[in-house]
Amino acid sequence: MARILTTHPLHPRASAMLAGAGELVVASALDPATLTAEAKNADIVIVRAPLPPQLFEGAAKLRAAIRHGAGLDMIPMEAAFAAGVLVANVPAVNARSVAEHVMFAALALLRSFRIVDRDLRARGWLAGREHANSNSELAGKTIGIVGLGAVGQAVGHIAAHGFDLNVVATTRSMQPAPEKVGFLSIDALVEQSDIIVLCCPLTPETRGLINRERIARMKPNALLINVSRGPVVDDDALIEALQKRRIGGAALDVFSTQPLPPNHPYFSFDNVIITPHMAGITEESMMRMGVGAAGEALLVLANKLPVNLRNPDVVDHYRRRFSASV
């Protein structure tokens with residue numbers, strides 16, 4: 001019987017899909033040693049936590065590492081290639097959840113939600129209500145989207161059609177723009193946008209993309225929302241800008257170090273909203289991601305290639321490893 005290791009529990013619908021395909025096991029812990037030991041006899045690993053490279057060295061039966069979601073930064077691709085292991089993901093299915101989180105964060109910042117809630121509870125009705133005098137509407141502002149994949153496009157659609165925002169974007173491909181989206185360079189985007197949303201993948205080119213120089217180009221009341229990956233932002237530069245009130249605020253869902261230490265400076269700012277990498281997590285998106293990952297696992301166990309194969313250059317090696325069955 002096949003053994004399917006998942007780093008986290010799956011949505012019930014996904015678990016039901018896998019029930020007849022093999023033994024579904026949830027990792028007992030997420031540290032490298034435990035994951036490596038528990039993957040030793042696994043045929044499939046479903047991934048929601050970083051995998052150590054050494055996991056692939058000792059997992060002789062491992063056919064595929066399947067990302068429960070889109071981002072591949074949790075899977076060491078070189079180690080998977082060396083071991084002849086397929087890598088697949090489930091792209092785009094949490095885009096709506098992330099996009100709705102972006103709009104929630106923008107509204108919460110513009111309406112001073114954290115301060116209003118705190119002062120209303122601690123100091124009373126009028127103290128909370130006083131903050132409304134400096135609040136602002138979304139409509140008519142310019143939202144700049146960095147990265148126009150599934151998430152960026154979903155943000156742009158909701159922003160333009162739901163909130164009457166002006167939408168500009170920058171992307172590597174500068175593909176034909178969706179309706180109501182204009183393209184700008186990254187420097188022009190940070191200069192002209194009232195709300196800057198980071199939706200890009202983490203690559204050598206995007207690491208540190210929002211640095212001290214680009215933060216200096218932002219409008220004095222600009223809001224920065226990061227739902228991409230933490231290292232896209234230079235933390236020291238952003239903290240300095242917040243301390244000097246150089247920008248209007250930030251909403252951060254991802255961080256260079258996760259979990260974020262409880263004494264981190266970001267927690268000290270009233271105009272910073274912090275969430276624990278949950279922008280893409282809703283009941284609906286968890287169902288879609290889980291079902292997608294389970295579907296890919298079933299294909300691999302049926303000696304087929306996954307639909308969303310992300311390392312096609314490994315296929316020949318993979319087929320040699322399992323030549324009797326593939």
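Two strands count as paired if DSSP finds at least two bridges between them. In this predicted model, Ala-2 stands opposite Gly-22 in strand 2. That strand belongs to an open sheet of five strands. There is also an open sheet of seven strands, and helix 5 packs on that seven-stranded sheet.

**Five-stranded sheet**
- The strand order is 2-1-3-4-5, and the pairing is parallel.
- Strand 2 and strand 5 (86–88) form the edges, each pairing on one side only.
- From one strand to the next, the twist averages 20 degrees.
- Strand 1 (residues 2–6) and strand 2 (residues 22–26) run parallel and are joined by five bridges.
- Between these two strands the chain passes through helix 1 (residues 12–18), giving a right-handed β-α-β crossover.
- Arg-3 faces Glu-23 of strand 2 across the pairing.
- In general, strands of a sheet pair through backbone hydrogen bonds, either parallel or antiparallel.

**Seven-stranded sheet**
- Here the order is 8-7-6-9-10-11-12, again with parallel pairing.
- The edge strands are strand 8 (181–183) and strand 12 (272–274), and each pairs on one side only.
- Neighbouring strands are turned against each other by 20 degrees on average, direction ignored.
- Three bridges link strand 11 (residues 249–252) to strand 12 in the parallel sense.
- Within this pair, Leu-252 stands opposite Ile-274 of strand 12.
- Helix 5 touches strand 9 (195–198), strand 10 (223–226), strand 11 and strand 12 of the sheet.
- The direction of helix 5 makes about 150 degrees with that of strand 10.

**Helix 5 against helix 8**
- Helix 5 packs against helix 8 (residues 150–162), with the axes 8 Å apart.
- The angle between them is about 50 degrees, so the two helices are oblique to each other.
- Their crossing is right-handed.
- On the helix 5 side, the contact is made by Ala-95, Arg-96, Val-98, Ala-99, Glu-100, Val-102 and Met-103.
- On the helix 8 side, it is made by Ala-150, Val-151, Ala-154, Val-155, Ile-158 and Ala-159.

**Ser-112**
- Ser-112 lies in the loop between helix 5 (95–110) and helix 6 (113–123).
- Its relative accessible area is 18%; the cut-off for buried is under 20%, so Ser-112 is buried.
- Apart from neighbours within four places in sequence, Ser-112 is in contact with His-131 and Asn-135.

Terms used:
Residues are numbered from 1 along each chain as its sequence is written. This is a predicted model: local features need pLDDT of at least 70, side-chain atom pairs count only at pLDDT 80 or more; totals for chains, interfaces and linings use all residues. Side-chain values use heavy atoms; hydrogens and water are left out. Helices (H or I, at least four residues) and strands (E, at least two) are DSSP runs, numbered from the N terminus. Buried means under 20% relative accessible area, exposed over 50%, partly exposed in between (1.4 Å probe, protein chains only). Contact means heavy atoms within 4.5 Å. A crossover is right-handed if, with the strands pointing away from the viewer, the path from the first strand over the helix to the second runs clockwise. Axes are lines fitted to C-alpha atoms, for helices over the stretch in contact, and angles run from 0 to 180 degrees between N-to-C directions. Angles under 35 degrees count as roughly parallel, over 145 as roughly antiparallel, 65 to 115 as roughly perpendicular and the rest as oblique. A crossing is left-handed if the near helix is turned anticlockwise from the far one by less than a right angle, and right-handed if clockwise.
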